[in-house]
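Dear colleague,

I am handing over the structure we spoke about, and below it you will find a summary of what came out of going through it. Please read the notes with the model open beside them.

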Amino acid sequence: MATYDFDIGILGGGAAGLTVTSGASQFGAKTLLIEKENALGGDCLHYGCVPSKTLIKTAHVYHLMKNAGKYGLPPVDPRPVDYQEVARRIQSVIRVIEEYDSKERFCKLGAQVEFGNASFIDEHSVRLNGRSYSAKTWVIATGSSPAIPSIEGIDRTPYITNKELFSLDKLPKSMIAIGGGPVSIEMAQAFNRLGTQVTVIELGNQILGAEDKDMADQLLNILISEGITFYLGSATLSIKDLGSEKEVVIKNGEGKTLSLRAEIILIAVGRQANLKGLGLEGISVEFDKKGLKIDSRLRTNHRHIFAAGDTTGAYQFTHAAGYEGGIVLSNAILHLPRKVDYTNLPWCTYTDPELASIGMNEKRAKGAGVDYSVWTEEFKLNDRSLAEGEEEGQIKLLLDRKEKPIGIQILGPRAGDLVSEWVAIMNGKVRLSTIASAIHPYPTLGEINKRVIGTFFSSKIFSEKVKKALRFFFNLKGRACG
Ligand SMILES: Cc1cc2nc3c(=O)[nH]c(=O)nc-3n(C[C@H](O)[C@H](O)[C@H](O)COP(=O)(O)OP(=O)(O)OC[C@H]3O[C@@H](n4cnc5c(N)ncnc54)[C@H](O)[C@@H]3O)c2cc1C
(Lines give C-alpha, C1' and ligand atoms only; values in the text may rest on other atoms or scores of the structure.)
Protein backbone atom coordinates (compact mmCIF):
# COMPACT_ATOMS: atom_id res chain seq x y z
CA MET A 1 0.00 0.00 0.00
CA ALA A 2 1.28 3.48 -0.90
CA THR A 3 2.41 5.61 2.02
CA TYR A 4 1.98 9.35 2.22
CA ASP A 5 3.41 12.13 4.41
CA PHE A 6 -0.09 13.16 5.54
CA ASP A 7 -3.56 11.66 5.84
CA ILE A 8 -5.09 14.82 4.45
CA GLY A 9 -3.76 17.96 2.77
CA ILE A 10 -5.84 21.11 2.44
CA LEU A 11 -5.16 23.92 0.00
CA GLY A 12 -6.59 27.21 1.27
CA GLY A 13 -6.94 28.54 4.82
CA GLY A 14 -10.35 30.22 4.55
CA ALA A 15 -13.75 29.22 5.94
CA ALA A 16 -13.85 25.85 4.15
CA GLY A 17 -10.19 24.92 4.59
CA LEU A 18 -10.10 25.85 8.27
CA THR A 19 -13.24 23.80 8.99
CA VAL A 20 -11.64 20.72 7.42
CA THR A 21 -8.27 21.37 9.08
CA SER A 22 -9.77 21.82 12.52
CA GLY A 23 -12.03 18.76 12.25
CA ALA A 24 -9.48 16.44 10.63
CA SER A 25 -6.72 17.20 13.13
CA GLN A 26 -9.10 16.81 16.09
CA PHE A 27 -10.22 13.43 14.69
CA GLY A 28 -6.56 12.39 14.79
CA ALA A 29 -5.71 12.66 11.08
CA LYS A 30 -2.18 13.85 10.24
CA THR A 31 -3.19 17.12 8.62
CA LEU A 32 -1.36 19.61 6.39
CA LEU A 33 -2.83 23.04 5.63
CA ILE A 34 -1.28 25.18 2.90
CA GLU A 35 -2.27 28.84 2.58
CA LYS A 36 -1.06 31.10 -0.23
CA GLU A 37 -1.14 34.38 1.73
CA ASN A 38 0.86 34.92 4.91
CA ALA A 39 -2.22 34.81 7.18
CA LEU A 40 -5.13 32.43 7.64
CA GLY A 41 -8.78 33.44 7.50
CA GLY A 42 -9.41 33.82 3.79
CA ASP A 43 -11.57 36.34 1.98
CA CYS A 44 -14.33 36.34 4.56
CA LEU A 45 -12.03 37.64 7.27
CA HIS A 46 -9.78 39.94 5.28
CA TYR A 47 -11.78 41.26 2.31
CA GLY A 48 -15.34 39.96 2.70
CA CYS A 49 -17.88 39.36 5.45
CA VAL A 50 -15.97 40.80 8.41
CA PRO A 51 -14.78 44.11 6.91
CA SER A 52 -18.04 44.62 5.02
CA LYS A 53 -20.26 44.05 8.06
CA THR A 54 -18.00 46.29 10.17
CA LEU A 55 -18.24 49.03 7.55
CA ILE A 56 -22.01 48.58 7.32
CA LYS A 57 -22.34 49.12 11.08
CA THR A 58 -20.21 52.28 10.95
CA ALA A 59 -22.29 53.60 8.05
CA HIS A 60 -25.49 52.75 9.96
CA VAL A 61 -24.37 54.71 13.02
CA TYR A 62 -23.48 57.72 10.84
CA HIS A 63 -26.87 57.43 9.13
CA LEU A 64 -28.63 57.38 12.51
CA MET A 65 -26.65 60.45 13.64
CA LYS A 66 -27.75 62.34 10.52
CA ASN A 67 -31.33 61.23 11.10
CA ALA A 68 -31.45 61.95 14.85
CA GLY A 69 -34.52 64.14 14.32
CA LYS A 70 -36.53 61.06 13.32
CA TYR A 71 -36.10 59.77 16.89
CA GLY A 72 -37.21 63.00 18.56
CA LEU A 73 -33.61 64.06 19.20
CA PRO A 74 -31.97 67.40 18.39
CA PRO A 75 -30.68 67.39 14.79
CA VAL A 76 -26.99 66.49 14.41
CA ASP A 77 -24.76 67.74 11.61
CA PRO A 78 -21.74 65.43 11.93
CA ARG A 79 -18.32 66.23 10.44
CA PRO A 80 -17.43 64.43 7.17
CA VAL A 81 -16.16 60.89 7.53
CA ASP A 82 -12.43 60.29 7.86
CA TYR A 83 -12.18 56.98 6.01
CA GLN A 84 -8.77 56.21 7.52
CA GLU A 85 -10.46 56.10 10.93
CA VAL A 86 -13.14 53.81 9.52
CA ALA A 87 -10.47 51.57 7.94
CA ARG A 88 -8.63 51.44 11.28
CA ARG A 89 -11.80 50.21 13.01
CA ILE A 90 -12.22 47.56 10.31
CA GLN A 91 -8.64 46.38 10.79
CA SER A 92 -9.04 46.27 14.57
CA VAL A 93 -12.05 43.93 14.26
CA ILE A 94 -10.12 41.75 11.79
CA ARG A 95 -7.17 41.55 14.20
CA VAL A 96 -9.37 40.19 17.02
CA ILE A 97 -10.82 37.43 14.85
CA GLU A 98 -7.42 36.72 13.29
CA GLU A 99 -6.16 35.49 16.66
CA TYR A 100 -8.69 32.70 16.51
CA ASP A 101 -7.51 31.82 12.99
CA SER A 102 -3.81 31.82 13.89
CA LYS A 103 -1.22 29.26 12.77
CA GLU A 104 -0.47 28.59 16.46
CA ARG A 105 -4.07 27.65 17.23
CA PHE A 106 -4.19 25.13 14.38
CA CYS A 107 -0.80 23.82 15.37
CA LYS A 108 -2.17 23.21 18.89
CA LEU A 109 -5.00 21.24 17.31
CA GLY A 110 -2.31 19.10 15.66
CA ALA A 111 -2.18 20.44 12.08
CA GLN A 112 0.96 21.51 10.22
CA VAL A 113 0.47 24.89 8.56
CA GLU A 114 2.63 26.04 5.64
CA PHE A 115 2.45 29.25 3.62
CA GLY A 116 3.16 29.62 -0.09
CA ASN A 117 1.95 28.69 -3.57
CA ALA A 118 1.43 24.97 -3.90
CA SER A 119 0.96 23.13 -7.16
CA PHE A 120 0.09 19.46 -7.80
CA ILE A 121 2.96 17.45 -9.21
CA ASP A 122 1.04 14.17 -9.18
CA GLU A 123 -2.38 13.04 -7.94
CA HIS A 124 -1.20 12.78 -4.34
CA SER A 125 1.61 15.35 -4.09
CA VAL A 126 2.12 19.09 -4.28
CA ARG A 127 5.28 21.12 -4.58
CA LEU A 128 5.63 24.03 -2.19
CA ASN A 129 8.66 26.26 -1.68
CA GLY A 130 10.93 23.69 -3.37
CA ARG A 131 9.66 20.73 -1.28
CA SER A 132 7.12 18.07 -2.07
CA TYR A 133 4.32 17.04 0.30
CA SER A 134 2.16 13.96 -0.25
CA ALA A 135 -1.23 13.20 1.25
CA LYS A 136 -3.72 10.37 0.89
CA THR A 137 -6.59 12.83 0.48
CA TRP A 138 -6.58 16.42 -0.75
CA VAL A 139 -9.12 19.21 -0.39
CA ILE A 140 -9.12 22.17 -2.76
CA ALA A 141 -10.51 25.08 -0.75
CA THR A 142 -8.76 27.97 -2.46
CA GLY A 143 -11.84 30.22 -2.57
CA SER A 144 -12.70 32.74 -5.25
CA SER A 145 -11.69 36.15 -6.56
CA PRO A 146 -13.70 38.96 -8.07
CA ALA A 147 -14.62 38.16 -11.69
CA ILE A 148 -13.37 40.91 -13.99
CA PRO A 149 -15.65 41.50 -17.00
CA SER A 150 -14.21 42.19 -20.43
CA ILE A 151 -15.13 45.85 -20.84
CA GLU A 152 -13.42 48.08 -23.40
CA GLY A 153 -10.70 50.09 -21.60
CA ILE A 154 -10.59 47.97 -18.43
CA ASP A 155 -6.90 47.16 -18.97
CA ARG A 156 -6.03 50.90 -19.01
CA THR A 157 -8.35 52.21 -16.29
CA PRO A 158 -7.76 51.90 -12.55
CA TYR A 159 -10.64 50.25 -10.71
CA ILE A 160 -11.11 48.64 -7.33
CA THR A 161 -12.72 45.43 -6.08
CA ASN A 162 -13.63 44.22 -2.59
CA LYS A 163 -9.88 43.65 -2.05
CA GLU A 164 -9.10 47.38 -2.03
CA LEU A 165 -12.42 48.75 -0.77
CA PHE A 166 -11.73 48.47 2.95
CA SER A 167 -8.31 50.09 2.95
CA LEU A 168 -8.88 53.20 0.80
CA ASP A 169 -6.92 56.18 2.14
CA LYS A 170 -9.88 58.53 1.78
CA LEU A 171 -13.61 58.42 1.27
CA PRO A 172 -14.28 58.77 -2.48
CA LYS A 173 -16.56 61.67 -3.45
CA SER A 174 -18.27 59.47 -6.00
CA MET A 175 -18.33 55.81 -6.97
CA ILE A 176 -19.79 53.81 -9.85
CA ALA A 177 -20.43 50.21 -8.86
CA ILE A 178 -20.65 47.83 -11.80
CA GLY A 179 -22.90 44.91 -10.83
CA GLY A 180 -26.08 44.75 -8.76
CA GLY A 181 -25.37 41.65 -6.64
CA PRO A 182 -25.06 41.46 -2.84
CA VAL A 183 -21.48 42.76 -2.57
CA SER A 184 -22.23 45.78 -4.74
CA ILE A 185 -25.57 46.59 -3.11
CA GLU A 186 -24.30 46.29 0.48
CA MET A 187 -21.31 48.48 -0.30
CA ALA A 188 -23.35 50.96 -2.36
CA GLN A 189 -25.59 51.66 0.64
CA ALA A 190 -22.71 51.81 3.12
CA PHE A 191 -20.62 54.23 1.04
CA ASN A 192 -23.65 56.32 0.16
CA ARG A 193 -24.47 56.67 3.86
CA LEU A 194 -20.88 57.66 4.61
CA GLY A 195 -21.12 60.48 2.06
CA THR A 196 -20.05 59.04 -1.30
CA GLN A 197 -22.33 59.72 -4.26
CA VAL A 198 -23.04 56.20 -5.53
CA THR A 199 -24.31 54.97 -8.90
CA VAL A 200 -25.02 51.29 -9.57
CA ILE A 201 -25.10 49.74 -13.04
CA GLU A 202 -26.82 46.39 -13.41
CA LEU A 203 -27.35 44.42 -16.60
CA GLY A 204 -30.50 42.64 -15.37
CA ASN A 205 -33.88 44.23 -14.73
CA GLN A 206 -33.57 43.99 -10.94
CA ILE A 207 -30.94 44.16 -8.22
CA LEU A 208 -30.06 40.93 -6.31
CA GLY A 209 -31.00 38.68 -9.22
CA ALA A 210 -31.42 35.54 -7.08
CA GLU A 211 -34.26 37.15 -5.07
CA ASP A 212 -37.91 37.60 -5.99
CA LYS A 213 -38.31 40.83 -7.94
CA ASP A 214 -41.03 42.24 -5.65
CA MET A 215 -38.74 41.93 -2.61
CA ALA A 216 -35.69 43.28 -4.47
CA ASP A 217 -37.75 46.18 -5.84
CA GLN A 218 -38.90 47.19 -2.35
CA LEU A 219 -35.26 47.34 -1.30
CA LEU A 220 -34.37 49.19 -4.51
CA ASN A 221 -36.91 51.89 -3.71
CA ILE A 222 -35.48 52.34 -0.21
CA LEU A 223 -31.96 52.67 -1.65
CA ILE A 224 -33.16 55.17 -4.26
CA SER A 225 -34.86 57.18 -1.49
CA GLU A 226 -31.50 57.31 0.32
CA GLY A 227 -29.94 58.89 -2.78
CA ILE A 228 -28.32 56.05 -4.75
CA THR A 229 -28.72 56.20 -8.54
CA PHE A 230 -29.47 52.96 -10.38
CA TYR A 231 -29.24 52.05 -14.04
CA LEU A 232 -30.98 48.69 -14.44
CA GLY A 233 -31.08 46.75 -17.71
CA SER A 234 -27.91 48.64 -18.60
CA ALA A 235 -24.78 47.30 -20.29
CA THR A 236 -21.38 48.80 -19.50
CA LEU A 237 -19.78 49.52 -22.88
CA SER A 238 -16.44 51.04 -21.90
CA ILE A 239 -14.48 52.66 -19.10
CA LYS A 240 -11.79 55.33 -19.37
CA ASP A 241 -9.27 57.00 -17.08
CA LEU A 242 -9.76 60.78 -17.13
CA GLY A 243 -7.28 61.46 -14.32
CA SER A 244 -9.07 62.45 -11.12
CA GLU A 245 -12.26 60.95 -12.56
CA LYS A 246 -13.12 57.81 -14.51
CA GLU A 247 -15.68 57.65 -17.29
CA VAL A 248 -18.14 54.77 -17.62
CA VAL A 249 -20.13 54.58 -20.85
CA ILE A 250 -23.33 52.57 -20.63
CA LYS A 251 -26.26 51.64 -22.85
CA ASN A 252 -29.27 52.08 -20.60
CA GLY A 253 -32.56 50.18 -20.53
CA GLU A 254 -34.05 52.44 -23.23
CA GLY A 255 -31.08 51.82 -25.54
CA LYS A 256 -29.56 55.29 -24.96
CA THR A 257 -25.80 55.66 -24.64
CA LEU A 258 -24.85 57.62 -21.51
CA SER A 259 -21.51 58.82 -20.18
CA LEU A 260 -21.19 58.67 -16.37
CA ARG A 261 -18.29 59.90 -14.28
CA ALA A 262 -17.01 59.10 -10.79
CA GLU A 263 -13.85 59.22 -8.73
CA ILE A 264 -13.65 55.44 -8.45
CA ILE A 265 -15.09 52.40 -10.17
CA LEU A 266 -16.00 49.34 -8.09
CA ILE A 267 -16.16 46.10 -10.05
CA ALA A 268 -18.53 43.63 -8.37
CA VAL A 269 -20.01 41.41 -11.06
CA GLY A 270 -19.56 38.05 -9.33
CA ARG A 271 -16.79 35.67 -8.39
CA GLN A 272 -14.54 33.14 -10.08
CA ALA A 273 -12.95 30.13 -8.42
CA ASN A 274 -9.20 30.36 -7.61
CA LEU A 275 -7.93 27.38 -9.58
CA LYS A 276 -5.11 28.89 -11.64
CA GLY A 277 -1.59 27.73 -10.82
CA LEU A 278 -2.70 24.64 -8.87
CA GLY A 279 -1.47 22.32 -11.62
CA LEU A 280 -4.94 20.81 -12.00
CA GLU A 281 -4.54 20.35 -15.77
CA GLY A 282 -1.39 18.27 -15.20
CA ILE A 283 -3.31 15.74 -13.08
CA SER A 284 -6.53 16.03 -15.13
CA VAL A 285 -8.80 17.36 -12.39
CA GLU A 286 -11.90 18.61 -14.20
CA PHE A 287 -13.23 22.14 -13.81
CA ASP A 288 -15.11 24.73 -15.80
CA LYS A 289 -15.87 28.47 -15.56
CA LYS A 290 -18.11 27.90 -12.51
CA GLY A 291 -15.57 25.93 -10.49
CA LEU A 292 -14.47 22.37 -9.85
CA LYS A 293 -16.64 19.60 -11.29
CA ILE A 294 -17.78 17.60 -8.30
CA ASP A 295 -20.31 14.96 -7.32
CA SER A 296 -22.84 15.27 -4.49
CA ARG A 297 -20.20 14.06 -2.00
CA LEU A 298 -17.94 16.92 -3.11
CA ARG A 299 -15.45 14.61 -4.83
CA THR A 300 -13.75 15.71 -8.04
CA ASN A 301 -13.20 13.20 -10.84
CA HIS A 302 -10.28 11.97 -8.68
CA ARG A 303 -12.20 10.53 -5.74
CA HIS A 304 -9.51 11.35 -3.20
CA ILE A 305 -9.48 15.03 -4.19
CA PHE A 306 -12.38 16.98 -2.69
CA ALA A 307 -13.64 20.54 -3.07
CA ALA A 308 -15.24 22.80 -0.47
CA GLY A 309 -16.23 26.46 -0.34
CA ASP A 310 -16.29 28.89 -3.24
CA THR A 311 -14.28 26.52 -5.48
CA THR A 312 -17.41 24.36 -5.83
CA GLY A 313 -19.10 27.28 -7.62
CA ALA A 314 -22.32 26.40 -5.74
CA TYR A 315 -23.39 28.80 -2.98
CA GLN A 316 -20.63 31.28 -2.24
CA PHE A 317 -21.20 31.99 1.45
CA THR A 318 -19.09 31.41 4.52
CA HIS A 319 -21.75 29.21 6.12
CA ALA A 320 -21.98 27.15 2.90
CA ALA A 321 -18.18 26.76 3.00
CA GLY A 322 -18.37 25.58 6.63
CA TYR A 323 -21.18 23.15 5.80
CA GLU A 324 -19.24 21.75 2.84
CA GLY A 325 -16.15 21.42 5.04
CA GLY A 326 -18.25 19.20 7.33
CA ILE A 327 -19.42 17.08 4.39
CA VAL A 328 -15.79 16.58 3.31
CA LEU A 329 -14.81 15.54 6.84
CA SER A 330 -17.61 12.99 6.92
CA ASN A 331 -16.68 11.48 3.55
CA ALA A 332 -12.89 11.73 3.70
CA ILE A 333 -12.03 11.20 7.37
CA LEU A 334 -14.97 9.37 8.96
CA HIS A 335 -15.71 7.41 5.76
CA LEU A 336 -19.41 8.00 6.35
CA PRO A 337 -20.85 8.75 2.91
CA ARG A 338 -22.70 12.07 3.02
CA LYS A 339 -24.16 14.14 0.20
CA VAL A 340 -24.68 17.88 0.12
CA ASP A 341 -28.26 19.10 0.42
CA TYR A 342 -28.81 22.82 -0.04
CA THR A 343 -32.62 22.70 0.32
CA ASN A 344 -32.58 24.65 3.57
CA LEU A 345 -29.54 26.85 2.97
CA PRO A 346 -30.31 30.35 4.27
CA TRP A 347 -28.62 33.57 3.19
CA CYS A 348 -28.87 37.24 3.84
CA THR A 349 -27.90 40.49 2.14
CA TYR A 350 -26.92 42.88 4.91
CA THR A 351 -28.47 46.06 3.61
CA ASP A 352 -30.70 48.15 5.85
CA PRO A 353 -33.28 46.65 5.87
CA GLU A 354 -31.72 43.21 5.45
CA LEU A 355 -33.04 40.75 2.88
CA ALA A 356 -32.87 37.14 4.08
CA SER A 357 -34.08 33.97 2.51
CA ILE A 358 -34.35 30.23 3.08
CA GLY A 359 -35.72 27.53 0.81
CA MET A 360 -37.67 28.39 -2.29
CA ASN A 361 -38.78 31.81 -3.35
CA GLU A 362 -41.40 32.30 -6.05
CA LYS A 363 -38.75 32.34 -8.79
CA ARG A 364 -37.29 29.00 -7.69
CA ALA A 365 -40.72 27.43 -7.03
CA LYS A 366 -41.91 28.40 -10.52
CA GLY A 367 -38.63 27.13 -12.00
CA ALA A 368 -39.13 23.78 -10.25
CA GLY A 369 -42.80 23.60 -11.26
CA VAL A 370 -43.93 23.56 -7.60
CA ASP A 371 -47.47 24.77 -6.76
CA TYR A 372 -47.45 27.20 -3.87
CA SER A 373 -49.43 29.80 -1.98
CA VAL A 374 -47.98 33.05 -0.63
CA TRP A 375 -48.65 34.56 2.83
CA THR A 376 -47.26 37.93 3.85
CA GLU A 377 -47.08 40.18 6.87
CA GLU A 378 -45.70 43.70 6.93
CA PHE A 379 -43.21 45.07 9.44
CA LYS A 380 -45.27 48.24 9.82
CA LEU A 381 -47.79 46.08 11.75
CA ASN A 382 -45.08 44.89 14.16
CA ASP A 383 -45.03 47.04 17.31
CA ARG A 384 -41.29 46.65 17.86
CA SER A 385 -40.54 47.78 14.30
CA LEU A 386 -42.54 50.94 14.90
CA ALA A 387 -40.79 51.57 18.23
CA GLU A 388 -37.41 51.11 16.51
CA GLY A 389 -38.35 53.36 13.60
CA GLU A 390 -37.65 50.47 11.21
CA GLU A 391 -41.03 49.72 9.74
CA GLU A 392 -40.06 49.01 6.12
CA GLY A 393 -40.37 45.54 4.61
CA GLN A 394 -42.32 42.34 4.88
CA ILE A 395 -42.08 38.62 5.43
CA LYS A 396 -43.21 36.30 2.68
CA LEU A 397 -44.03 32.65 3.41
CA LEU A 398 -44.45 30.09 0.65
CA LEU A 399 -46.48 26.96 1.38
CA ASP A 400 -46.79 23.94 -0.90
CA ARG A 401 -50.07 22.20 -1.73
CA LYS A 402 -49.87 20.22 1.52
CA GLU A 403 -49.51 23.54 3.36
CA LYS A 404 -45.93 22.81 4.38
CA PRO A 405 -43.44 25.71 4.32
CA ILE A 406 -41.12 25.55 1.32
CA GLY A 407 -39.52 28.95 1.63
CA ILE A 408 -39.34 32.26 3.47
CA GLN A 409 -38.03 35.64 2.49
CA ILE A 410 -37.74 38.47 4.94
CA LEU A 411 -37.03 42.07 4.02
CA GLY A 412 -36.78 43.92 7.29
CA PRO A 413 -34.72 44.84 10.31
CA ARG A 414 -32.50 41.96 11.53
CA ALA A 415 -33.92 39.69 8.81
CA GLY A 416 -30.72 37.60 8.94
CA ASP A 417 -31.42 36.79 12.59
CA LEU A 418 -35.19 36.41 12.13
CA VAL A 419 -34.66 33.75 9.47
CA SER A 420 -32.94 31.54 12.08
CA GLU A 421 -36.31 30.51 13.54
CA TRP A 422 -37.18 29.23 10.06
CA VAL A 423 -33.87 27.36 9.93
CA ALA A 424 -35.10 25.41 12.96
CA ILE A 425 -38.68 25.06 11.65
CA MET A 426 -37.64 23.80 8.22
CA ASN A 427 -34.78 21.55 9.29
CA GLY A 428 -36.73 20.19 12.25
CA LYS A 429 -39.87 19.81 10.12
CA VAL A 430 -41.78 21.63 12.86
CA ARG A 431 -45.51 21.95 12.28
CA LEU A 432 -46.72 25.49 11.65
CA SER A 433 -49.46 24.97 14.24
CA THR A 434 -46.71 24.43 16.86
CA ILE A 435 -45.24 27.85 16.11
CA ALA A 436 -48.69 29.46 15.88
CA SER A 437 -49.50 28.29 19.40
CA ALA A 438 -46.02 28.92 20.84
CA ILE A 439 -45.55 32.05 22.95
CA HIS A 440 -43.16 34.62 21.48
CA PRO A 441 -41.98 37.51 23.66
CA TYR A 442 -43.61 40.89 23.12
CA PRO A 443 -42.61 43.29 21.67
CA THR A 444 -40.08 41.62 19.40
CA LEU A 445 -39.35 41.61 15.71
CA GLY A 446 -39.55 37.80 15.92
CA GLU A 447 -43.30 38.03 16.43
CA ILE A 448 -43.55 38.58 12.68
CA ASN A 449 -42.66 34.90 12.18
CA LYS A 450 -45.65 33.87 14.29
CA ARG A 451 -47.90 36.53 12.76
CA VAL A 452 -47.37 35.36 9.18
CA ILE A 453 -48.29 31.82 10.24
CA GLY A 454 -51.28 33.33 12.05
CA THR A 455 -52.35 35.06 8.83
CA PHE A 456 -52.43 31.67 7.13
CA PHE A 457 -54.36 29.99 9.96
CA SER A 458 -56.84 32.83 10.47
CA SER A 459 -58.08 32.38 6.90
CA LYS A 460 -59.11 28.88 8.01
CA ILE A 461 -60.08 29.45 11.66
CA PHE A 462 -62.25 32.54 11.17
CA SER A 463 -64.00 31.14 8.09
CA GLU A 464 -67.77 31.31 7.49
CA LYS A 465 -67.88 27.52 7.89
CA VAL A 466 -66.41 27.62 11.40
CA LYS A 467 -68.64 30.55 12.41
CA LYS A 468 -71.71 28.69 11.16
CA ALA A 469 -70.77 25.57 13.14
CA LEU A 470 -70.19 27.58 16.33
CA ARG A 471 -73.51 29.40 15.86
CA PHE A 472 -75.24 26.04 15.43
CA PHE A 473 -73.65 24.25 18.40
CA PHE A 474 -73.29 27.08 20.92
CA ASN A 475 -75.94 29.51 19.82
CA LEU A 476 -73.46 32.38 19.31
CA LYS A 477 -75.34 35.56 18.44
CA GLY A 478 -72.97 37.08 15.84
CA ARG A 479 -71.82 40.71 15.34
CA ALA A 480 -72.42 43.23 18.09
CA CYS A 481 -71.52 46.25 16.01
CA GLY A 482 -72.62 47.54 12.60
C1 LIG B 1 -17.36 41.79 0.10
C2 LIG B 1 -17.83 40.41 0.46
C3 LIG B 1 -18.73 40.25 1.49
C4 LIG B 1 -19.15 38.98 1.85
N5 LIG B 1 -20.04 38.86 2.86
C6 LIG B 1 -20.49 37.63 3.21
C7 LIG B 1 -21.41 37.48 4.28
O8 LIG B 1 -21.84 38.46 4.89
N9 LIG B 1 -21.81 36.24 4.62
C10 LIG B 1 -21.36 35.12 3.95
O11 LIG B 1 -21.77 34.02 4.29
N12 LIG B 1 -20.48 35.24 2.93
C13 LIG B 1 -20.04 36.45 2.54
N14 LIG B 1 -19.12 36.57 1.53
C15 LIG B 1 -18.65 35.34 0.85
C16 LIG B 1 -17.57 34.64 1.66
O17 LIG B 1 -16.51 35.54 1.91
C18 LIG B 1 -17.05 33.42 0.90
O19 LIG B 1 -18.12 32.64 0.46
C20 LIG B 1 -16.14 32.59 1.78
O21 LIG B 1 -15.01 33.32 2.17
C22 LIG B 1 -15.71 31.32 1.04
O23 LIG B 1 -14.84 30.58 1.83
P24 LIG B 1 -13.70 29.72 1.13
O25 LIG B 1 -13.02 28.98 2.21
O26 LIG B 1 -14.23 28.98 -0.01
O27 LIG B 1 -12.72 30.81 0.50
P28 LIG B 1 -11.82 31.90 1.23
O29 LIG B 1 -12.37 32.28 2.53
O30 LIG B 1 -11.55 32.98 0.26
O31 LIG B 1 -10.47 31.11 1.48
C32 LIG B 1 -9.68 30.65 0.44
C33 LIG B 1 -8.24 30.71 0.87
O34 LIG B 1 -7.46 30.03 -0.08
C35 LIG B 1 -6.25 30.76 -0.29
N36 LIG B 1 -5.68 30.38 -1.58
C37 LIG B 1 -6.00 30.82 -2.81
N38 LIG B 1 -5.23 30.21 -3.72
C39 LIG B 1 -4.41 29.35 -3.06
C40 LIG B 1 -3.40 28.44 -3.44
N41 LIG B 1 -3.06 28.31 -4.71
N42 LIG B 1 -2.78 27.71 -2.49
C43 LIG B 1 -3.12 27.86 -1.18
N44 LIG B 1 -4.07 28.72 -0.75
C45 LIG B 1 -4.72 29.45 -1.69
C46 LIG B 1 -6.71 32.20 -0.23
O47 LIG B 1 -5.63 33.06 0.03
C48 LIG B 1 -7.72 32.15 0.92
O49 LIG B 1 -7.10 32.37 2.17
C50 LIG B 1 -18.67 37.83 1.15
C51 LIG B 1 -17.75 37.99 0.11
C52 LIG B 1 -17.34 39.27 -0.24
C53 LIG B 1 -16.36 39.41 -1.35
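A disulfide is taken here as a pair of cysteine sulfur atoms within 2.5 Å, and please bear in mind from the outset that this is a predicted model. By that criterion the structure holds 1 disulfide, which is formed by cysteine 44 and cysteine 49, with their sulfur atoms 2.3 Å apart. The link between cysteine 44 and cysteine 49 is left-handed, with -130° about the S-S bond. Cysteine 348, by contrast, is in no disulfide, since the nearest cysteine sulfur, which belongs to cysteine 49, is 12 Å away. As for their surroundings, cysteine 49 is partly exposed at 27% relative accessibility, cysteine 348 is buried at 12%, and cysteine 481 is exposed at 60%.

The largest nonpolar core has 41 residues, of which Leu55, Tyr83, Phe191 and Ile207 touch the most other members. At least two residues of this core come from each of helix H3 (49-66), helix H4 (83-100), strand S8 (174-178), helix H7 (182-194), strand S9 (197-201), helix H8 (213-225) and strand S14 (264-267), and H7 gives the most, with 6 residues. Apart from this core lies another, of 26 residues, which includes Leu33, Val113, Ala308 and Ile333. Returning to leucine 55, and not counting residues up to four places away in sequence, one finds that it touches Tyr83, Val86, Ile90, Phe166, Met187, Ala190, Phe191 and Leu194.

Helix H7 deserves a separate paragraph. Its 13 residues should span 18 Å at 1.5 Å a residue, and its end C-alpha atoms are indeed 18 Å apart, which agrees. Because 11 of the 13 residues of H7 are buried, the helix is largely enclosed by the rest of the structure. The buried residues are Ser184, Ile185, Glu186, Met187, Ala188, Gln189, Ala190, Phe191, Asn192, Arg193 and Leu194. After H7 comes glycine 195, whose phi is positive, near 125°.

Turning to the ligand, there are 32 residues around it, and Ala16, Glu35, Lys53, Asp310 and Thr318 come nearest. Several backbone atoms approach its oxygen atoms: a polar backbone atom of aspartate 310 is 2.8 Å from an oxygen atom of the ligand, a backbone N or O atom of aspartate 43 lies 3.1 Å from an oxygen atom of the ligand, and for threonine 142 the corresponding distance is 3.4 Å.

Asparagine 162, in helix H6 (residues 162-165), is buried, with 9% relative accessibility. Its side chain reaches the backbone oxygen of tyrosine 47 at 2.9 Å, and a polar contact of 3.2 Å joins that side chain to the side chain of arginine 271. Leaving aside neighbours within four places in sequence, asparagine 162 is in contact with Asp43, Tyr47, Pro146, Leu266 and Arg271; of these, Asp43 also has a backbone N or O atom 3.1 Å from an oxygen atom of the ligand.

Finally, arginine 131 has its place in strand S6 (residues 131-140) and is partly exposed, with a relative accessible area of 47%. The C-alpha atom of arginine 131 is separated by 11 Å from that of isoleucine 121, which is 10 residues apart from it along the chain.

With best regards

How values were computed: Residues are numbered from 1 along each chain as its sequence is written. This is a predicted model: local features need pLDDT of at least 70, side-chain atom pairs count only at pLDDT 80 or more; totals for chains, interfaces and linings use all residues. Side-chain values use heavy atoms; hydrogens and water are left out. A nonpolar core is a set of buried Ala, Val, Leu, Ile, Met, Phe, Trp, Tyr and Cys residues joined through side-chain atoms within 4.5 Å. Buried means under 20% relative accessible area, exposed over 50%, partly exposed in between (1.4 Å probe, protein chains only). Helices (H or I, at least four residues) and strands (E, at least two) are DSSP runs, numbered from the N terminus. Contact means heavy atoms within 4.5 Å. The expected span of a helix is 1.5 Å times one less than its number of residues. A residue is near a molecule or strand if one of its heavy atoms lies within 4 Å of it. A polar contact is a pair of N or O atoms within 3.5 Å; within protein, one must be able to donate a hydrogen and the other to accept it, and residues adjacent in sequence count only if both atoms are side-chain atoms.
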